[in-house]
Amino acid sequence: MKLYRRWGGVRELSDAIVSPELSKPDRPVVAVTLARLKLREARRFTEWGRPVEKQVRDHQGQRLSLAAIRPLTTFCTFSVWKTEAEMIAMVGGESHRLAMQERVRKDFHSEFTTMRFAPIAEHGSWNGNSGFCGAREWT
């Protein structure tokens with residue numbers, strides 16, 4: 001994967017090279033969120049996050065979506081989308097839009113970044129499935 005968009009920041013990724021010319025709205029995209037939750041905001045984050053999880057899970061454009069947490073405050077999401085345009089359409093959906101407005105009102109996180117990656121190649125499988133980024137390699 002090659003990083004082409006980063007919004008926000010997490011200190012360990014401050015030196016990551018971003019290549020915006022790799023953005024292609026009609027190609028697959030891998031979206032990653034990495035955040036450090038403010039512990040006192042965990043309940044509020046969960047309440048706003050659940051509808052967003054459902055929106056991502058049910059969106060026709062997502063091919064794979066996973067989330068992980070490192071207790072108590074670090075979490076990550078990883079999703080593969082058919083196209084960047086479909087991922088952007090999900091981001092504009094009501095649940096995601098409202099949750100982001102709430103985050104702006106009172107941030108859930110001490111650090112937060114979302115990143116978009118262009119898939120370069122795909123190897124292996126997840127739960128017996130493969131080909132999440134399409135059948136060919138991207139360059």
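This briefing describes selected helices, aromatic rings and charged pairs of the structure shown above. The model is predicted, and the values below are computed from it. The structure contains 13 salt bridges and three aromatic pairs. The points that follow begin with two helices, H2 and H3, and then turn to the rings and the charges.

**Helix H3**

- Helix H3 runs over residues 94–105, which makes 12 residues, and from its first C-alpha to its last it reaches 16 Å, close to the 16 Å expected at 1.5 Å a residue.
- The buried residues of this helix are His96, Ala99, Glu102 and Arg103, and they lie on the same side of H3 because they cover an arc of only 125° around the axis.
- An α-helix has 3.6 residues a turn, so residues three or four places apart point the same way.
- The other side of H3 carries exposed residues, namely Glu94, Val104 and Arg105.
- The partners against which the buried residues of H3 pack are strand E1 (2–9), helix H1 (42–58), H2 and E5.

**Helix H2 and the loop that follows**

- In helix H2, which spans residues 84–91, the buried residues are Glu84, Met87 and Met90, and these line one face of the helix because they fall within an arc of 115° when H2 is seen down its axis.
- These buried residues of H2 pack against E1, strand E2 (29–37), H1, E4, H3 and E5.
- Glycine 93 has its place in the loop between H2 and H3, and this glycine counts as buried because its relative accessible area is 17%, which is under the 20% limit for that class.
- Although glycine 93 and glutamine 55 are 38 residues apart in sequence, their C-alpha atoms are 7.8 Å apart in space.

**Aromatic rings**

- A pair of aromatic rings is described by the distance of the centres and the angle of the planes.
- Of the three aromatic pairs in the structure, one is formed by phenylalanine 45 and phenylalanine 75, and it counts as tilted because the planes stand at 40°, with the ring centres 4.8 Å apart.
- That pair links distant parts of the chain, since phenylalanine 45 belongs to helix H1 and phenylalanine 75 to strand E4 (residues 74–81), with their positions 30 residues apart in the numbering.
- Phenylalanine 45 is partly exposed, at a relative accessible area of 22%, whereas phenylalanine 75 is buried, at 13%.
- Phenylalanine 45 also pairs with phenylalanine 108, and here the arrangement is edge-to-face, with 5.5 Å from centre to centre and 70° between the planes.
- This second pair likewise links distant parts of the chain, with phenylalanine 45 in helix H1 and phenylalanine 108 in the loop between H3 and E5, 63 residues apart.
- Phenylalanine 108 counts as buried because its relative accessibility is 2%.
- Taken together, Phe45, Phe75 and Phe108 form one aromatic cluster.

**Salt bridges and a charge over a ring**

- Glutamate 84 and arginine 116 meet through their side chains in a salt bridge, at 3.0 Å from N to O, and the pair links distant parts of the chain, with glutamate 84 in helix H2 and arginine 116 in strand E5 (residues 109–118), 32 residues apart.
- Both partners of that bridge, glutamate 84 and arginine 116, are buried.
- Arginine 103 forms a salt bridge with aspartate 107, where the closest N and O atoms are 3.8 Å apart.
- In this bridge arginine 103 is buried, at 11% relative accessibility, while aspartate 107 is partly exposed, at 28%.
- A network is built by salt bridges that share partners, and it joins Glu41, Arg44, Glu102, Arg105 and Lys106.
- Arginine 103 has a further role in the picture, as its charged end sits over the ring of phenylalanine 112, at 5.1 Å from the ring centre.
- Aspartate 58 and arginine 57 form another salt bridge, with 2.8 Å between the closest N and O atoms, and aspartate 58 counts as partly exposed because its relative accessibility is 44%.

Definitions and conventions:
Residues are numbered from 1 along each chain as its sequence is written. This is a predicted model: local features need pLDDT of at least 70, side-chain atom pairs count only at pLDDT 80 or more; totals for chains, interfaces and linings use all residues. Side-chain values use heavy atoms; hydrogens and water are left out. A salt bridge is a side-chain nitrogen of Lys or Arg within 4 Å of a carboxyl oxygen of Asp or Glu. Buried means under 20% relative accessible area, exposed over 50%, partly exposed in between (1.4 Å probe, protein chains only). Helices (H or I, at least four residues) and strands (E, at least two) are DSSP runs, numbered from the N terminus. The expected span of a helix is 1.5 Å times one less than its number of residues. The arc is that of the directions from the helix axis to the C-beta atoms. Contact means heavy atoms within 4.5 Å. Rings of Phe, Tyr and Trp (its six-membered ring) pair if their centres lie within 6.5 Å; planes under 30 degrees apart count as stacked, over 60 as edge-to-face and the rest as tilted. A charge sits over a ring if NZ of Lys or CZ of Arg is within 6 Å of the ring centre and within 35 degrees of the ring normal.
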